Structures are given as C-alpha cells and as structure tokens.
Amino acid sequence: MIKTFDNLEIWWVTGAQLLYGGDAVKHVDAHSKEMVDGLNASGIIPIKVVYKGTANSSDEVEAVMKAATCENKCVGVITWMHTFSPAKMWIKGLQALQKPLLHFHTQYNAEIPWEDIDMDFMNLNQSAHGDIEFGHICTRMRVQRKVVVGYWKSEEAQKKIAVWARAAAAMADAKNVRCLMFGMNMNNVAVTDGDRVEFEQRLGYHVDYYPVSSLMDYFKKVSDADVDALVEEYKKEYTIKIDETGDEAYWKSVRNAAKAEIALRRVLKDEGATAFTTNFDDLGDADINDPDFVGFDQIPGLASQRLMAEGIGFGAEGDWKTACLYRSLLVMNQGMPLGSSFLEDYTLNFAEGQTSILQSHMLEVCPLIASDKPKLEVHFLGIGIRKQPTARLVFTSKTGSGTKATVVDLGNRLRMITQDVECIEPKKMPKLPVASNLWVPQPTFEVGAGAWILAGGTHHSAFSYDIDAEYWQDFAEMADIECVSINKETTTENWKQLLRTNEVYYMLNKALK
C-alpha cells in the first residue's frame, strides 16, 4: 500500500508586520507555534504541518515562498494573517509560489474578551482585517487557493484542511507519475484518448508507450521458483475455487497469471512507473499454439487487480487518463478504511424500485472494495486475441455511499467530472464470474445518469468510498482545470445551464489569453 504522507510536509506561514513592535511579533510567533502544534496533535490532518515563521516584509514572504516551491517535501502552504499584513508585500512571494495554497481565515482566540478588550488586543488580533486584505491580493492576482473559515481548534475546520492536504499530496505525486501504456488506446475509442501533452502540462502526468515485446523480455526471465512463491501467496490471501476444469487446468492458468504479475511488477519498478494500461488485443506473440510462443496466454487481470490494491494506477484498454487519475485517488485514499477501484459502467438495471448501473470489467476490479474475502477463480474469457481460461478475483463490493471521478478532454480544456453514487446490494449473479459493484447515481438514476452523459463523462471511472467530491474539487483547482460535480442537489435544467455557462467562460478565458 502507498505510504507517502510520512515523507511530506505542509508549510505554515503567518503574516504580520513590524508596525506594532517587536513584542507583538513575539506574541504572533508564540500563537502560531501553538496553533500548528494543535493541528498536528489533532490526528486529523494526515501530513505534518511545519511552522515556517512570521513573514513581516516582502523579502521575507518572497524567501519563504521560493523555499516552499523548491522543497520537494513541501506539498503546499497554509497562510494566516494574525495581524494586519499589507498585501502588497505578498505580491512577489505569490508570484514565486508554485505549490498549492490554503488561506486559513481563523484567529488565535475563540472569543472576544469582552471585559478586557483594548486597543492593544485589537491591534494584535486583526485576522478579520488582515485575512481580507490577503484575500483581495490573491483574487486580484488570480491565485488559485482554498479558503477555510473557522476556529483552528474546530474539528470541522481541521477536516477541511485535511481534505486539501490529501489533494495537495496527490498533486505533488502527479508531477512524478509515469504511466506505461502496454499497447495503445484501442478500438478507436474517443473518450479514453486525448491530448497527452496538455494532460501533462496541466496535471503533471507523463504517459509513455511501452512495447509489449520489451515486456515479454521480462516475462521470459521469470523463474519457476518465483512463480511458486507467488502462488503460495495467493493461497494465503484468497479463497481458492476450482471449477469443473479440475486442478491441473486451474493451476496452469493461475501460474501463468502469476508469471505475468511478476513481469509487470519488474517493468514498473525498473521504469519508475506508478501507473499502467493494458490492451487485450496486444499481449505478445499472436499464435498461442506456436511452439516458440512468447506472450501472455491471458489478459493480466489478476495482476492488475493486485497491483491496484498496492497503489499502482490502472486503466483498461489503453485508458491512460483513468490510470493516472486512479493513481492520484490511491494517494489521497491512503490510510482510509473503505477502499477504491477502477470501474466501468457495464449494464443498466431498469427493475422497478431498483434502477441502477452494474459496475464491473472483464477482470480488473480492485479488491480493496470487496465486501468479503475474494475468490480466486478461473473462467473462460471470450474476448480479445486470447480466448482462454483466465484467472481473476471474484467478489461483490461493499454497500454505502461513494464518489466516482473522471477527466475528459474537450479539445479546448480538460474537464473533471465527479458524481456521488449509492452502492446497493445486488441480487445473486451465480453465472457472472467477475467482481462487481451495483450503484444508483445521485440524485436519481435518471437525472444522475443523464447528467453524466451531458457532461461528456467516460465509461471508466476512479471510484472511492472515502474520497468525495470536495477532494476532487480541491485537486482540480490546484491543476487549474474545470470541475463539475453531480450530487443530490443536481437538477437536469440547472446542470445544463452550468455546462453552458462553463463553456462560455472557458471560451472567453482562452480568447483573452
């Protein structure tokens, strides 16, 4: 599993000035340290907050913002104006900052000391004044940032910061993501393709084609001993279900799946990649009956399932956008209890009282969302160039609320779309040999499914029970891309109007640039 937060930091910078004297600055400094210690002690914010001092001049602001930009461990900056901090002194620093920014509108004291308040107290505690000044310069400079308003000891405010912190960590990780495409985008599908240059420019993800022939070089070098060891691991982790084909055929498919997993792992490690795609029409040599055949005898579905569960982004059929986005979801989701997965809209259910959409894929659904211990099964797969018995993990997903997300290329911009869904208990499906999830799009099946289509959404998505739309909205704002969210408040008419308004905004914004 991903464990990146321990190596990351969020920097806290307090704004002040020397107008009120050195003693005031000492108070500001002491209060700031106490507040940062309190945030870290809360256990709510998953990344350590590091106090970087009080900035009292343009030079000091510029220095700390440049340092934040250059420090790899720093994933974002929190600013707070304890006293009145003249905003012109923040201009150069904000111009230099290339990390996500959160503006915390708070105050050291919870209440006004009605009996004792005097001008000294007023001069020292000017967040109501200073934060508005700082907000103005950010707006004038068109600085993307999140504004959190609330008392610093408030759990609600701390949770807002935690959401932003997870998104900031995902954005930092995105800048270092390399996604390998084993095969290319397939079958002329439009929604899974797009402009990889724009994608990297906006979000940081780097996507490379990787020859399947080179992957096969790794595959040939996997030893029987390595395969034996991994199969033993399978036996410990999953329920073994051998069908009527018998032990010999079952274990042959499982062993070949294990060999594919080992090869994929080694390529990803050697290439420094944290996401990948596959293409079920490009699996190595074409003729499986050739005595010199070198290739996967089956789609590496089991490998994809297991690699996702360990933090590797994945997209089927060459869907590099979803592979990268799912990697970011895994970063945000780390340490949270309910899980996430790559999913695909497969089959509609119009049964009265249970209108819903069955989510699945041929094989590749992440076991992090399983309701019970997955079964390791082998079934014939009649699609692609390998119509072969194929190993996969079979399970049904947990019930409960979740959120799906995608990014689409609209030509003039990238659009992130999120949708709240309610995952429900499906009826028994004894003949469906794949993992699945059954959900109802919000606010209703009809409105939600229609809104997704109107927005140009994909049939693949990155889904989580833990990460909701707020995380994705923060992430999209950091990347300066459009984000639209479908939820219980969505109506078809309001949704159409939002999409029309956004189209005009982005067309004008591009023209003005």
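**Salt bridges, sheets and a surface patch**

At 23% relative accessibility, Glu-198 counts as partly exposed, a class that lies between buried (under 20% relative accessible area) and exposed (over 50%), as judged with a 1.4 Å probe and protein chains only. The model is a predicted one, in which local features need pLDDT of at least 70 and side-chain atom pairs count only at pLDDT 80 or more, whereas totals for chains, interfaces and linings use all residues. Residues are numbered from 1 along each chain as its sequence is written, and side-chain values use heavy atoms, with hydrogens and water left out.

The side chain of Glu-198 meets that of Arg-202 in a salt bridge with an N to O distance of 3.2 Å, the term being used for a side-chain nitrogen of Lys or Arg within 4 Å of a carboxyl oxygen of Asp or Glu. Arg-202 is likewise partly exposed, at 26% relative accessibility, and because the two residues are four apart in helix H7 (residues 196-203), about one helical turn separates them. Helices (H or I, at least four residues) and strands (E, at least two) are DSSP runs numbered from the N terminus. By the salt-bridge rule the count comes to 28. A second pair within a helix is formed by Glu-155 and Lys-159, whose side chains meet at 3.0 Å, N to O, and which lie four residues apart in helix H6, about one turn of that helix. Glu-155 is partly exposed with a relative accessible area of 46%, and Lys-159 is partly exposed at 45%.

A salt bridge also links two strands, since Asp-208 pairs with Arg-178 with the closest N and O atoms 2.8 Å apart. Asp-208 lies in strand S7 and Arg-178 in strand S6, so the pair ties together parts that are 30 residues apart in sequence. These strands belong to an open, parallel sheet of four strands in the order S7-S6-S9-S10, where pairing requires that DSSP find at least two bridges between two strands. Strands S7 (206-210) and S10 (313-315) stand at the edges with a single partner each, so one side of each is left without a neighbour in the sheet. From one strand to the next, the twist averages 20°, angles being taken from 0 to 180 degrees between the N-to-C directions of lines fitted to C-alpha atoms, for helices over the stretch in contact. Strand S6 (residues 178-182) is joined to S7 by five bridges, and Phe-182 has Tyr-210 of S7 as its bridge partner. Helix H8 (residues 212-220) packs on this sheet, touching S6 and S7, with its direction at about 75° to that of S7; contact means heavy atoms within 4.5 Å. Helix H12 (residues 320-333) also packs on the sheet, where it touches S6, S7, strand S9 (275-277) and S10 and makes about 150° with the direction of S10.

Another open sheet with parallel pairing consists of five strands in the order S2-S1-S3-S4-S5. Here strands S2 (48-55) and S5 (146-149) are the edge strands, each having a single partner, so one side of each has no neighbour in the sheet. The twist in this sheet averages 25° from one strand to the next. Four bridges join strand S4 (residues 101-105) to S5, and His-105 has Val-149 of S5 as its bridge partner. Helix H6 (residues 155-174) packs on the sheet and touches strand S1 (9-15), strand S3 (74-81), S4 and S5, its direction making about 145° with that of S3. Along S5 the side chains alternate, with Lys-146 and Val-148 pointing to one face and buried, while Val-147 and Val-149 point to the other and are not buried. Leaving aside neighbours within four places in sequence, Ala-128 of helix H5 (residues 127-140) is in contact with His-105 and Gln-107.

Antiparallel pairing appears around strand S12 (residues 356-360), in which five of the five residues are buried. Ser-356, Leu-358 and Ser-360 point one way from S12, and Ile-357 and Gln-359 the other way. Strand S11 (residues 340-349) pairs with S12 over five bridges, with Gln-359 as the bridge partner of Asp-345. In the hairpin of S11 and S12, which has six residues between the strands, Gly-353 takes a positive phi near 85°. Three bridges join S12 to strand S17 (residues 437-441), where Trp-439 stands opposite Ile-357.
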